[in-house]
Amino acid sequence: AIYTKKETEKAIETSEKAIRNYKDDINYLKSNEITDSDDFKIELNNIQYEERMKAGEALIKIIKDVNASNFNNEEKIGQYKGFTLSVLRFKTVLGIEYRMLIKRNSYCSIELLEFNSLGNIIKIANTIKNLPKRYEKEKNYNKKLKEDLIGINNILSNQVWSKNEELSKLYIKSNELEMKLNLEQTTNKGKEENKTNKDIEYEII
């Protein structure tokens, strides 16, 4: 996508906030020694599950039971490793789809599939596991945005310089024309004076 200067500055601001949030959550996981061990625990609708398959089956039942009229509004359904889990239900041309919103300071979204109970649980775990990768990716994106902003500023600066140069050329050309016009007027005036003087001399003679 091509952004204007204002849009790029706004994107940089948003990106830097995302970087801070990712870093905070990564530090939270490290400080609390939360790792990807086999000690699995997830809370769904106030019930704690310690088996991935049972948790996956419960998750599918939950997303199917989400208020049928509640479209495009997230519903909190539980938590995993200190991250809030919410479900978003929405309509598409292909039917009804579900997304899991995984939030603490950072914000991630994954697609949930009605027929993949274990896969959904693995997706949730991998999303949190991959926060460092998301953090690095966001930093690279932020770097590119800043490079783009430098390019935009250079273009705008060159446009101003070109405009000023064009105005300078027009000013010089205008002065040259004015000088040429003044010279022609002076020359014509001199010719008229010479003619008048000759006429006067002739009359005197």
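1. In this predicted model, helix 1 covers residues 5-31, and its 27 residues reach 39 Å from the first C-alpha to the last, which is close to the 39 Å expected at 1.5 Å a residue. Just after helix 1, Glu 33 takes a positive phi of about 50 degrees.

2. Which residues of helix 1 are buried? They are Thr 8, Ala 11, Ile 12, Ser 15, Ile 19, Asn 21, Tyr 22, Asp 25, Ile 26 and Leu 29, and a reader following the helix in the structure may note that Asp 25 and Asn 21 stand in this list beside Ile 12, Ile 19 and Leu 29.

3. The strands form an open sheet of six, in the order 2-1-3-4-5-6, and their pairing is antiparallel. Strand 2 (47-49) and strand 6 (107-112) stand at the edges, and because each has a single partner strand, one side of each is left without a neighbour in the sheet. From one strand to the next, the twist averages 30 degrees.

4. Strand 4 is mostly covered, since seven of its 10 residues are buried. On one side strand 4 pairs with strand 3 in the antiparallel sense over six bridges, and Tyr 80 has Phe 83 in strand 4 as its bridge partner. The hairpin of strand 3 and strand 4 has two residues between the strands, and there Lys 81 takes a positive phi near 55 degrees.

5. How many bridges join strand 4 to strand 5? There are nine, and the two strands run antiparallel. Strand 4 and strand 5 also form a hairpin, again with two residues between them, and the bridge partner of Thr 92 is Gly 95 in strand 5.

6. Strand 5 (residues 95-103) is in turn joined to strand 6 by six bridges, with the two strands running antiparallel; within this pairing, Ile 102 has Cys 108 of strand 6 as its bridge partner. Helix 3 (residues 117-129) packs on the sheet, where it touches strand 1 (42-44), strand 3 (74-80), strand 4 (83-92), strand 5 and strand 6, and the direction of helix 3 makes about 160 degrees with that of strand 6.

7. Taken together, the points on strand 4 may be read side by side: strand 4 is joined to strand 5 by nine bridges and to strand 3 by six, strand 4 is touched by helix 3, and seven of the 10 residues of strand 4 are buried.

Key: Residues are numbered from 1 along each chain as its sequence is written. This is a predicted model: local features need pLDDT of at least 70, side-chain atom pairs count only at pLDDT 80 or more; totals for chains, interfaces and linings use all residues. Side-chain values use heavy atoms; hydrogens and water are left out. Two strands pair if DSSP finds at least two bridges between them. Helices (H or I, at least four residues) and strands (E, at least two) are DSSP runs, numbered from the N terminus. Axes are lines fitted to C-alpha atoms, for helices over the stretch in contact, and angles run from 0 to 180 degrees between N-to-C directions. Contact means heavy atoms within 4.5 Å. Buried means under 20% relative accessible area, exposed over 50%, partly exposed in between (1.4 Å probe, protein chains only). The expected span of a helix is 1.5 Å times one less than its number of residues.
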